[in-house]
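Trainee: I've got a model open and would like to go through it with you. Can we take it question by question?

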Amino acid sequence: MPRIKRLSEYIGESYFDYLARLPDLVMLMDESHRYRASAGIRAINELKPILGLELTATPFVESARGAVAFKNVIYDYPLGRAMADGFVKEPAVVTRKDFNPAGMSPDEIERLKLEDGVRLHESVKVELETYARESGNPIVKPFLLVIARDTTHAGQLLALIQSDGFFGGRYRDKANQVDSSRSGAEEEEMITRLLRVEHTEEPTEIVIHVNMLKEGWDLTNLYTIVPLRAANARTLIEQSIGRGLRLPYGKRTGVTAVDRLNIVAHDRFQEIIDEANKPGSTIRLQAVVMDTDALGQKTATVVSQSQLATKLGLRPIQVTGSTAVAGQDEAPAFPKPEEQQVAQIAWEVIRKLENQPELLPSIAYLKKPEIQAAIVKVVEEQYQPTQLTLEGVGEKPDIAAVVAMTSDLVAQETIDIPRILVLPKGEVKSGFHPFALNLDTLRYQPVSDDLWIQHLRTSDLEVISLGRGSVEEARLEDYVVRGLMDFDDVSYDNHVDLLYDLARQTVRHLRTYLSDDDTAKVLRCYQRDIARFIHAQMQEHYWEEAVGYEVKVSKGFTELKPSAYTSSVQEPTADYRSRQRTRAIWPNTCSAGSNVASIRCRNSTPIRNASWR
């Protein structure tokens, strides 16, 4: 007997019988398509709930005739709407350019899809890190999901990924097989790694699963899916994209690589596209053709930081294996770790003064004795020595000297770029100059006063004529004036003459091609749009008077923040200081044409790609 139906010593009966006796039992059933089998329905009926609220992303059951949709849907929010509203990633199916599976064995196609999935994963990893560093957001570590046929197949895939022949063994310790073949300590390790796959410090980048992660499991950092099991296109779409649609930052970023979920399906590409574009489909997939040449060029995120940060011993946060750090050729100004710690604390204190221009209006004020004393005081409060300062064991750094040297470095490496605000003072008067409206494009037509009622079952059409509305303005001009009064910068008391002048111009224009009744219909129906049309022209005639203006500095200086960009590993980043020089002895007279890279000398052949001063 199931545990839920066994006698419970705590309640004197089984938990199942206890629930069945409740007069107000309400059941909340997640993944409710699972309850539609005979055993599930029988158990629910025996519980006799007064209400069952079901939730599912697939509101239908499969039958011999195909999918049968639920008939008791209260509210439907399909994936297509969630995509259009920007709440989830944009799913895209990926293939190779001009891919032709003819002549390739299933194993060859499978390996190609897996390798291309990893190439795409590496590209996405760099794009995510670059975006995070540019925007100041936490770095997201993406992972790749492989859908295997069975546990044997999953084991074969894991062995392939861990071999030296697969990307040089780079993913040997970064793959996790998730299926029912594991038990004991291996199962515990599998689950622990799976639960921590969103953490940047967890090494897993490839998850191989067999039917264990089809539903109820979705993460924000899944960006690439490689399905390697046989399934119809609809099942493939539903079971694949649902796993990785969550957005890592909770909203769309506007960066394609950050907002997209990739499904690598070379051999099923057109089939999936056709399924997604069927009239009954709830989604519209993007089609992405991989540029294999571009993906073959391994990329990395290059972080460039200021020389000041380097001299203070600072490094960019969350540096990963695919990150290169530029600007590290400067030696630290403080060789001792204790002095570096003090200098970094002092720098944090100075950074906070950036938004306090009353204390630090410019970087030169750092050298003032009172500013130095204030910084030293805060640093002394925050400094924690790396080890206990005992006689003969380490020395406490000279905090005042380190703070003074840090201030000098900041002054040398920082350009004063203040943030200046110009604010009016005293009483401010504003308004709009009278002007003639340009109404040439205003050609609204009156709307009908009839309601059309279409009967869905019989398709009969019924027309109901409406009488004149009960709420009408005394004058036609009042419709325009009332619409203009909704804008914050328009005061009725101060602008009443101008408002009615503009309203009269509008009504006079409408009467040139409409009757009075039709003019009233247009003004009632399009009141807001007409008001916006007029208000936009009013902005060109705005005026403002003030007693005077005062300049306020909200920031004394601006910190130079690190920047990030993507670079090819095959082409090392060049130092902007280096120049390639070529010495040449020009025979006779040389002249450079419009193409500087081609210099032709008299009585000689052209010299191309010559670097010259």
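What follows is a short chat about confidence, cores, a surface patch and salt bridges.

Mentor: Sure, ground rules before we start. This is a predicted model, where local features need pLDDT of at least 70, side-chain atom pairs count only at pLDDT 80 or more, and totals for chains, interfaces and linings use all residues. Residues are numbered from 1 along each chain as its sequence is written, and side-chain values use heavy atoms, with hydrogens and water left out.

Trainee: What pLDDT does the protein chain average?

Mentor: pLDDT is the predictor's confidence in each residue, from 0 to 100. Residues 449-470 fall below 50, and so do residues 580-613. Still, 76% of the residues score at least 70, and the chain averages 77.

Trainee: Which helix gives the most residues to the largest nonpolar core?

Mentor: A nonpolar core is a set of buried Ala, Val, Leu, Ile, Met, Phe, Trp, Tyr and Cys residues joined through side-chain atoms within 4.5 Å; buried means under 20% relative accessible area, exposed over 50%, partly exposed in between (1.4 Å probe, protein chains only). This core has 26 residues, and H14, H15, H16 and H17 each give two or more. Helices here are DSSP runs (H or I, at least four residues) and strands likewise (E, at least two), numbered from the N terminus. The top contributor, with seven residues, is H15.

Trainee: Which salt-bridge partner of Arg-119 is at 2.7 Å, N to O?

Mentor: A salt bridge is a side-chain nitrogen of Lys or Arg within 4 Å of a carboxyl oxygen of Asp or Glu. Arg-119 meets Glu-115 at 4.0 Å, and those two sit four residues apart in helix H4, so about one helical turn separates them. Arg-119 is partly exposed at 22%, and the partner at 2.7 Å is Asp-116.

Trainee: How many residues apart in sequence are the parts that Glu-205 and Lys-125 tie together?

Mentor: Their closest N and O atoms are 3.1 Å apart, forming a salt bridge, and both residues are buried. Glu-205 lies in the loop between helix H6 and strand E8, whereas Lys-125 is in helix H4, so the parts they tie together are separated in sequence by 80 residues.

Trainee: Is Leu-53 buried, partly exposed or exposed?

Mentor: Leu-53 is found in strand E2, and strands E1 and E2 each supply at least two residues of a nonpolar patch. Leu-53 has a relative accessible area of 35%, so call it partly exposed.

Methods
Contact = heavy atoms within 4.5 Å.
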